[in-house]
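Work through the exercises below with the sequence and the model side by side. Try each task before reading its solution.

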Amino acid sequence: MIDWKPIAEKFREADAILIGASNGLSITEGLHLFADNAAFERLFGDFKRKYGLECILQGMMAGWPSEKEKWAFWTRLIHHYCGQYQPTSVMNDL
């Protein structure tokens, strides 16, 4: 049986806690780099139809035909997930 009391005490004493999380935390926040889901369709449906993209990651790695198209994708991505970001209860509770 694990004695959690010493660990809990270290948390209470800490000035800050660094949490390392992979894409699971991003997915919880609505950023799923690998999904062809409703959020991807809403944000990038036009790119999906025009270029056959199936997820955000493909768009991030795409060989765009022009700088204009590349930055159209990136601008939308950055604006939506950085400029308009609103934390969910998961982040607020964290």
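The exercises go from the whole chain to single side chains.

This is a predicted model, in which local features need pLDDT of at least 70 and side-chain atom pairs count only at pLDDT 80 or more, while totals for chains, interfaces and linings use all residues. Residues are numbered from 1 along each chain as its sequence is written, and side-chain values use heavy atoms, with hydrogens and water left out.

**Exercise 1. The overall form**

Task: Describe the elements of the chain and decide whether its radius of gyration fits the globule rule.

Solution.
- Step 1. Helices (H or I, at least four residues) and strands (E, at least two) are DSSP runs, numbered from the N terminus. The chain has 6 helices and 0 strands.
- Step 2. The radius of gyration, taken over C-alpha atoms, is set against a globule rule of 2.2 Å times the number of residues to the power 0.38. For 94 residues the rule gives 12 Å, and the chain has 19 Å, well over that, so the chain is more spread out than a compact globule.
- Step 3. Along its principal axes the C-alpha trace spans about 55 × 25 × 25 Å.
- Step 4. Buried means under 20% relative accessible area, exposed over 50%, and partly exposed in between (1.4 Å probe, protein chains only). Of the 94 residues, 18% are buried.
- Step 5. A contact means heavy atoms within 4.5 Å. Among contacts with a separation of 6 or more, 42% join residues 24 or more positions apart.

**Exercise 2. Aromatic rings**

Task: Classify the ring pairs F47 with Y51 and W64 with F73.

Solution.
- Step 1. A pair of aromatic rings is described by the distance of the centres and the angle of the planes. Rings of Phe, Tyr and Trp (its six-membered ring) pair if their centres lie within 6.5 Å; planes under 30 degrees apart count as stacked, over 60 as edge-to-face and the rest as tilted.
- Step 2. This rule yields 9 aromatic pairs. For F47 and Y51 the centres are 6.3 Å apart and the planes lie at 25 degrees, so this pair is stacked.
- Step 3. F47 and Y51 are 4 residues apart in helix α3 (residues 38-51), which means about one helical turn between them. F47 is buried at 5% relative accessible area, whereas Y51 is partly exposed at 29%.
- Step 4. W64 and F73 have 5.4 Å from centre to centre and 35 degrees between the planes, a tilted pair. Both W64 and F73 are buried.
- Step 5. One aromatic cluster holds F40, F44, F47, Y51, W64, F73 and W74.

**Exercise 3. Salt bridges**

Task: Locate the partners of R76, K70 and K48, and give the exposure of R76.

Solution.
- Step 1. Side chains of opposite charge can pair when their charged atoms come close. A salt bridge is a side-chain nitrogen of Lys or Arg within 4 Å of a carboxyl oxygen of Asp or Glu, and the structure holds 7 of them.
- Step 2. R76 meets D46 at 2.7 Å, N to O. R76 lies in helix α5 and D46 in helix α3, so the pair ties together parts that are 30 residues apart in sequence. R76 is partly exposed at 26% relative accessibility, and D46 is partly exposed at 38%.
- Step 3. K70 pairs with E67, the closest N and O atoms being 3.3 Å apart. Their spacing is 3 residues in helix α5, about one helical turn. E67 is exposed at 51%, while K70 is partly exposed at 24%.
- Step 4. K48 pairs with E41, with 3.4 Å between the closest N and O atoms. A network of salt bridges links D36, E41, K48 and R49.

**Exercise 4. An acidic side chain**

Task: Is E69 buried or exposed, and which residues does E69 touch?

Solution.
- Step 1. E69 lies in helix α5 (residues 67-83).
- Step 2. The relative accessibility of E69 is 17%, so E69 counts as buried.
- Step 3. Not counting residues up to four places away in sequence, E69 touches F47, K50, Y51 and W64. F47, Y51 and W64 also belong to the aromatic cluster.
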